[in-house]
Amino acid sequence: MLIKSPPTSAERESDVTPEAVYLSRRRFMIAAGGLAAMGALPLRAESQRYVDVEPAAAPAWFADKLAEVRWGAITPGEEALTPFKDVTHYNNFYEFGTSKGDPARYADKLEVEPWAVMIDGAVAKPGLVSLGGLVGPHQLEERIYRLRCVEGWSMVIPWLGFPLSALLKLAEPTGQAKYVRFETKVAAEQMAGVRSGFSLIDWPYVEGLRMDEAMHPLTILAVGLYGRVLPNQNGAPLRLVVPWKYGFKSIKSIVRISLLEEQPRTTWEGLAPDEYGFYANVNPGVDHPRWSQANERRLPGSLFRPNVIPTRLFNGYDEVAALYSGLDLRRYY
Ligand code: MTE
């Protein structure tokens, strides 16, 4: 996401469970015909899902959660998953640089242990919560969502997460809570993009949702993808995923969640309000001022086979339309 030019596109040893152990268990379940336990996905997709996934050590809190995942809780029908390699090597995470390969190259510097999230603002139960404490009460679900970037590319990603609404309910929002504001960690010594004198972003990266959007069952906090803990470049250890909105709303590496009465000022809207709105609902009928939003490049593709498909209103998640009845989507883009 560039402003004025076209887009280019520590855990301790004792705390970890080798991901390979888990992955081989998954493969065994598939081979043993455990399809029912996996949800209604066709065997072909299921058996291909975890091939070529880079193994990673999982922190203890994550390993515990894997035992009770609801696999295939939401699936995109016949759409193919974007390969793990593309999901983890074609990223936007400006804290680590502006080219698509920078996050995979540099995000290993991000320290994700220990991690805590401040929950504050219009809630009866504010406080700093450890990551384990925050994830602990929730069953993880596999949600296979389309991700449509405002730049015109898209992916299909199998996330592991839980509804944001479940977390917010535990914090007990007060009557003043009309919006939710999210903030990403800032640590210049770990983040090459933050250190860079060329960045236009006023860190931290901030995003926001209206309360009803935040409480919608499709809105999740993700802690994993492809059956493994979230890679740093994808926003470890905790990120938002709002599948009907352009990808920039899905803020990574969250350290603060605040409930507010007023609409928060968000990063991209603040930088270029004519180009990036607060709502940012995927909408093929409302073009970006500098490019069409009618189609998207579904990754992976190539120069000769760009794999262009039509973009759908709300990224195909029609069930959210009721959130916007009566709202002029051209004005509130
Ligand atoms: N969150 C932070 N903190 N910094 C970022 O630069 N980029 C956003 C979003 N979340 C971004 C961010 C954009 S523009 C997109 S498209 C998605 O992350 C990309 O997510 P992915 O790299 O996991 O595909």
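Select the ligand and the side chain of Glu-95 in this predicted model. An N or O atom of that Glu-95 side chain is 2.8 Å from a nitrogen atom of the ligand.

Next, add Asn-234 to the selection. One of its polar side-chain atoms lies 3.0 Å from a ligand oxygen atom. Then show Ser-250 with its backbone atoms. Here a backbone N or O atom is 2.9 Å from a nitrogen atom of the ligand.

Now put a surface on the ligand. On its own the ligand exposes 530 Å², and the protein buries 100% of that area. Its place in the protein is the largest cavity.

Widen the selection to the shell around the ligand, which holds 17 residues. Those that come nearest are Asn-91, Tyr-94, Glu-95, Arg-239 and Lys-252. Colour the shell by class: 8 of its residues are nonpolar, 6 are polar and 3 are charged.

Finally, colour the whole protein chain by pLDDT. The mean is 88, and 86% of the residues reach 70 or more. Select residues 5-48, where the pLDDT is below 50. In the model this stretch has 66 contacts beyond near neighbours in sequence. How should coordinates be read where pLDDT is low? Predicted coordinates in such places should not be read in detail.

Key
Residues are numbered from 1 along each chain as its sequence is written. This is a predicted model: local features need pLDDT of at least 70, side-chain atom pairs count only at pLDDT 80 or more; totals for chains, interfaces and linings use all residues. Side-chain values use heavy atoms; hydrogens and water are left out. A residue is near a molecule or strand if one of its heavy atoms lies within 4 Å of it. A polar contact is a pair of N or O atoms within 3.5 Å; within protein, one must be able to donate a hydrogen and the other to accept it, and residues adjacent in sequence count only if both atoms are side-chain atoms. Accessible areas come from the Shrake-Rupley method with a 1.4 Å probe; for residues, only the protein chains shown count as cover. On a 1 Å grid over the protein atoms alone, a cavity is a set of points where a 1.4 Å probe fits but cannot get out, and a pocket is an open set with protein on both sides within 12 Å along at least five of seven lines; lining residues have an atom within 4 Å of a point. A molecule sits in a cavity or pocket if more than half of its atoms lie within 2 Å of its grid points. Ala, Val, Leu, Ile, Met, Phe, Trp, Tyr, Cys and Pro count as nonpolar, Asp, Glu, Lys and Arg as charged, and the others, Gly among them, as polar. pLDDT is the predictor's confidence in each residue, from 0 to 100. Contact means heavy atoms within 4.5 Å.
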